[in-house]
Amino acid sequence: MSAHEKAAPGPTVIPFGPQHPVLPEPLHFDLVLQDEKVIDAIPQIGYIHRGLELLVDKRDYLDYVHVAERICGICSFMHGMGYCEAVETLLGITVPDRGRWLRTFWCELERVHSHLLWLGLGADSLGFENLFMAAWRARETVVDVAEETAGGRVIFGSALVGGVSKDPSDETLKRCIAAMKPVRAETLRLANVVMNESTVRHRFEGVGVLSKEMAYALGAVGPMLRASGVDYDVRRRGYAAYAEVDFETVTETAGDCMARALVRVREIEQSFHIMDQIVATMPSGPVAVPVKGMPPVGEAWVRLEQPRGEVLYYVRSNGTRNLERFRVRTPTFANVPAMVEAVRGASLADVPNIILTIDPCISCTER
Amino acid sequence: MSGIEKSPWLIHYDASSCNGCDIEVLACLTPMYDAERFGCIVTGDPKQADIFLITGSVNHLNIPVVKNLYEQMPEPKAVVAIGACAYTGGVFSECYNISGGVANVIPVDVYVPGCAAKPESILDGVVRAAQILAEKRKSLKVSQREKRKAMKKAKRVKGGAKAAGGQS
């Protein structure tokens, strides 16, 4: 073909990321386009891979909690706690009641902070700066409560094998619940904005649809799965104190960006409901049991429900102070095939908000 | 606050951190801490940015990306490395896939301590970087002026030598 002949209109490949204004973390996509329509998306991950699963070789199994908490800064407490639960299963330790209750409190606090953070980033992907700022302003109260009760704003630093390392008084917890009242009201207001504001509806409704069958077949987890109408929540397993509290599993049926947004916004209200019950029924007593000695030879695994969905922790011990293997299967990794499916067929301008509605957490995914 | 002359534009990149510092960088830009008070806004385009906020210990896949972003930024520019792992690798310093700090990849002007760094200290880092930026701008102007002077002088000397050659 000579240079003057026009090339036949074939697919165009547009690189998306790793540095992109809507992405807080590096993620790379090759978007294959036919005109404005995305016909395929090829993800490439690895920009945050640090190789911290291998650090179990070099750290004492009790100290590794600090590394586990830094798998991801958004769900840090749950990562620390998941590691602890796996090691506790291996050792056959039962955590005291107050420890279990506090773990549930911090898990739900983290869920609220993560979902508010997502609401802000999701709004930012639409260019809705006002909603971004409002969600993040509401979130500040939540991270202040985290700092007061656990000690850290984002990395809580309170997970411990055998329980938790901080013991906030009952009065502090009650004061914190009272301090978060305005956040609840603000969340309801923001939920109203998401549901009724025409700019949000225009960008979210009917965009990035994932059917119930596809979501299930591709192994989606968390809000991504529940927004497509599958009632699946690992908290029903009853780890920590979830067996003793009453909560509703939030599901939607539409499977579009709007459904995923609504699942998260409605889950915030459920998390507040759980925290209320936890603080009202807080048992007294120790928060942790002392852990001594070597872990026995063997393996153990647990599952938890993170803000982004189901996460699995696996530990294997060879009887020394260093574990042999630690493995995490994170929710975003499970959601990547479903995200690619949701992006297929969308227009190029909708790609940022579809990617944002799976709430990607790349540093979990790549560790 | 003294020494800040112009409104610096920020660019933020997560070079393999745990996210903790990144969400604190975003917290700096939202109403509670509000870096816009100092005239800062975030841009996604390195060609418009003055201050590079970088978190994390830079893994091997990220090294060319970070270098590329840094090279695209116009002079004068300042780099703020945020968090313990941007300094030495922090809790990940023994991991096999990291380069052990931002300074191994690009020159750093300000280090912000913490794991995760607190928004107050990130703001402090940004303000310090803005002051360093103002100084760099000044010295850049001086060096450009001197360069121009030297060029003029060289021209004059050359012209004078020619004239002298013509007389003899």
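This report covers the fold of chain B and its cysteines, in a predicted model.

**Overall form**

Chain B holds 4 helices and 5 strands. Read from the N terminus, their order is β-α-β-β-α-β-α-β-α. The chain is more spread out than a compact globule, because its radius of gyration is 21 Å, well over the 15 Å that the globule rule gives for 168 residues. Along the principal axes, the C-alpha atoms fill a box of roughly 75 × 40 × 25 Å.

Of the 168 residues, 49% count as buried. The accessible surface of chain B is about 8,200 Å². Carbon and sulfur atoms account for 54% of that surface. Contacts reach far along the sequence: among those between residues at least 6 apart, 80% join residues at least 24 apart.

**Strand S1 and its partners**

Strand S1 of chain B spans residues 9-14. It is largely enclosed by the rest of the structure, because 5 of its 6 residues are buried. S1(B) pairs with two strands, as the table sets out.

| Partner of S1(B) | Residues | Bridges | Sense | Residue opposite B:Leu10 |
|---|---|---|---|---|
| S2(B) | 41-42 | 2 | parallel | B:Val42 |
| S3(B) | 51-55 | 5 | parallel | B:Ile51 |

B:Leu10 thus appears in both pairings: its bridge partner in S2(B) is B:Val42, and in S3(B) it stands opposite B:Ile51.

How do S1(B) and S2(B) connect along the chain? The path leads from S1(B) through H1(B) to S2(B), a β-α-β crossover that is right-handed.

**Helix H1**

Helix H1 of chain B covers residues 20-29. Is H1(B) largely enclosed or largely open? It is largely enclosed by the rest of the structure, because 10 of its 10 residues are buried. The buried residues include B:Cys21 and B:Cys28, along with B:Ile23, B:Val25, B:Leu26 and B:Leu29. B:Asp22 and B:Glu24 are buried as well.

**Cysteines**

A disulfide is a covalent bond between the sulfur atoms of two cysteines. The structure holds 0 disulfides over all chains. B:Cys95 is in none; the nearest cysteine sulfur belongs to B:Cys85 and is 9.9 Å away. B:Cys95 is buried, with a relative accessible area of 7%.

B:Cys115 is also in no disulfide. Its nearest cysteine sulfur is that of B:Cys18, 6.1 Å away. A pair counts as a disulfide within 2.5 Å. B:Cys115 is partly exposed, at a relative accessible area of 40%.

Conventions. Residues numbered from 1 in each chain as written. Chains lettered and ligands numbered in written order. Predicted model: local features only at pLDDT ≥ 70, side-chain atom pairs only at ≥ 80, totals over all residues. Heavy atoms only, no water. Buried < 20%, exposed > 50% of the residue type's maximum accessible area, 1.4 Å probe, protein only. Pairing = 2+ DSSP bridges. Right-handed = clockwise from strand over helix to strand, strands pointing away. Rg over C-alpha atoms; globule rule 2.2 N^0.38 Å. Contact = heavy atoms within 4.5 Å. Areas by Shrake-Rupley, 256 points an atom, 1.4 Å probe, with all protein chains shown as cover.
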